[in-house]
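Hi,

Here is the model I promised to send over. Have a look at it first, and my notes follow underneath.

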Amino acid sequence: MAVLLLIAGLVILVAGAEAFVRGAAGLARRLGISALVVGLTVVAFGTSAPELAVALNASYAGEPDLAVGNAVGSNIFNILLILGVTALVSPLVVDQKLVRLDMPIMLGAAILLWVLAADGTLDRVESGVLAAGIVGYTLLAVILARRESAAVKAEYEASGADDKAARLWVTLVLLAIGLAGIVIGSDLLVRGATQIALYLGVSELVVGLTIVAAGTSLPEVATSIVAALRGHRDIAVGNIVGSNIFNVLCILGVTGLLTPMDLPFARSVLAFDLPVMVAACVACLPIFLNGLRVGRVDGAILLAAYIAYMLYVVLDAAGHDSLAEISGVTVWFVLPLSLIGFAGMLRRRARKRRDGGDEPEATDE
């Protein structure tokens with residue numbers, strides 16, 4: 001039964017992601033707004049629905065640590081693993097608007113959460129600040145979308161894309177069916193994987209830190225990879241950035257406002273996981289700012305960083321004797337190697353621009 005759940009969840013998840021991406025792309029054409037804006041709002045908010053459901057259920061069940069860990073862990077998962085894997089599947093071109101506006105907002109939201117939670121809790125007022133932030137961000141996205149509408153419509157007409165746009169009700173049905181498939185498929189996949197892991201003797205703590213935390217981000221995984229494969233790269237990248245903004249401002253903000261207790265932040269989260277989340281946001285800056293693309297080398301570095309993070313989490317949960325050695329290797333080898341790789345990418349891309357290179361395209365670099 002666990003294997004059947006796993007297979008059924010994977011099939012439903014992929015089919016749901018396909019329908020959701022088709023609906024999102026069609027909605028962008030029908031409304032005359034860019035695919036990036038749809039990815040940052042409709043797609044990002046929709047694929048973050050599992051995290052919101054888990055956070056609210058966990059808080060009302062008296063397990064607020066799960067809500068906090070799910071939101072923070074999902075953000076780390078989104079950047080390091082999803083962006084890394086998506087770039088490996090299909091190198092991504094990054095829209096300049098994403099670099100100028102949304103990336104700084106994502107980084108600012110992460111730093112704001114770190115500051116507000118520094119005392120160990122997130123109270124009602126602080127949760128209200130985060131919730132107000134997501135309202136302001138959504139309004140800003142809508143305003144900017146209205147301003148760019150005429151230009152985008154002209155671009156669609158010039159390319160003939162508008163002729164392919166389906167009726168509005170069709171795109172809305174695709175979005176609804178796709179979102180339902182994503183949520184149901186990810187739930188079945190997590191249940192099946194968890195049962196298999198427990199059957200094989202893996203502890204529930206490790207399962208919770210890995211499979212369950214990653215499972216709520218499976219909608220982002222499926223949606224971003226399918227969007228990249230179908231050529232909707234703005235939706236793929238916008239989904240990741242928008243989901244991270246949503247996870248911090250909306251999930252933790254709304255959960256903190258609706259639950260009867262303040263959200264506690266464990267010392268380990270403040271000392272390790274939140275800094276890693278902020279560092280993951282910062283790590284995107286040299287990739288996005290220089291060359292405006294995420295190549296396969298960038299994706300491999302991000303993926304390696306996520307493997308190192310998960311290795312540390314699992315060994316820490318298990319109280320393994322080699323934790324100190326792993327920490328030393330991470331500090332003295334993995335991080336310097338990553339910095340050297342980033343520096344090399346910056347140097348190569350700066351040389352290309354100095355030599356009069358063309359506008360960056362998605363390449364295998």
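Take the contacts in the protein chain between residues at least 6 apart in sequence: 85% of them join residues at least 24 apart. Contact here means heavy atoms within 4.5 Å.

Before you read on, this is a predicted model, in which local features need pLDDT of at least 70 and side-chain atom pairs count only at pLDDT 80 or more, while totals for chains, interfaces and linings use all residues. Residues are numbered from 1 along each chain as its sequence is written, and side-chain values use heavy atoms, with hydrogens and water left out.

As for the overall make-up, the protein chain has 13 helices and four strands. Both are DSSP runs numbered from the N terminus (helices are H or I with at least four residues, strands are E with at least two). The accessible surface of the protein chain is about 16,500 Å², and carbon and sulfur atoms hold 68% of that; the areas come from the Shrake-Rupley method with a 1.4 Å probe, and for residues only the protein chains shown count as cover. Of the 365 residues in the protein chain, 48% are buried. Buried means under 20% relative accessible area, exposed means over 50%, and partly exposed is in between (1.4 Å probe, protein chains only).

Now the inside. The largest nonpolar core has 80 residues, and Leu113 and Phe265 are the ones with the most contacts inside it. A nonpolar core is a set of buried Ala, Val, Leu, Ile, Met, Phe, Trp, Tyr and Cys residues joined through side-chain atoms within 4.5 Å. Setting aside neighbours within four places in sequence, Leu113 touches Leu122, Leu130, Val248, Leu252, Phe265, Leu274 and Met277.

Some polar residues are buried too. Asn247, in helix α10 (residues 233-258), counts as buried because its relative accessibility is 0%. Leaving out neighbours within four places in sequence, Asn247 is in contact with Ser48, Glu51, Ala71, Ser74, Asn75, Asn78 and Leu252. Asp102 sits in helix α5 (residues 96-116) and is buried as well, at 1% relative accessibility. Its C-alpha atom is 8.6 Å from that of Ile245, although the two are 143 residues apart along the chain.

What about disulfides, and how many are there? The count comes to zero, where a disulfide is a pair of cysteine sulfur atoms within 2.5 Å. Cys250 is buried, with a relative accessible area of 11%, and Cys281 is buried at 1%.

Back on the outside, Val3, Ile7 and Val11 form a nonpolar patch on the surface, together offering about 270 Å² of accessible area. Patches are made of residues with over 30% relative accessible area and no salt bridge (like charges joined within 9 Å; nonpolar side chains, namely Val, Leu, Ile, Met, Phe, Trp and Tyr, within 5 Å). A salt bridge is a side-chain nitrogen of Lys or Arg within 4 Å of a carboxyl oxygen of Asp or Glu. Ile7 lies in helix α1 (residues 2-31) and is partly exposed at 47% relative accessible area. Val11 is found in helix α1 too, but counts as exposed because its relative accessibility is 53%. The C-alpha atoms of Val11 and Leu189 are 9.4 Å apart, with their positions 178 residues apart along the chain.

One last pair: Ala197, in helix α7 (residues 168-199), is buried with a relative accessible area of 9%. Ala197 and Ala2 are 195 residues apart in sequence and 9.8 Å apart in space, C-alpha to C-alpha.

Cheers
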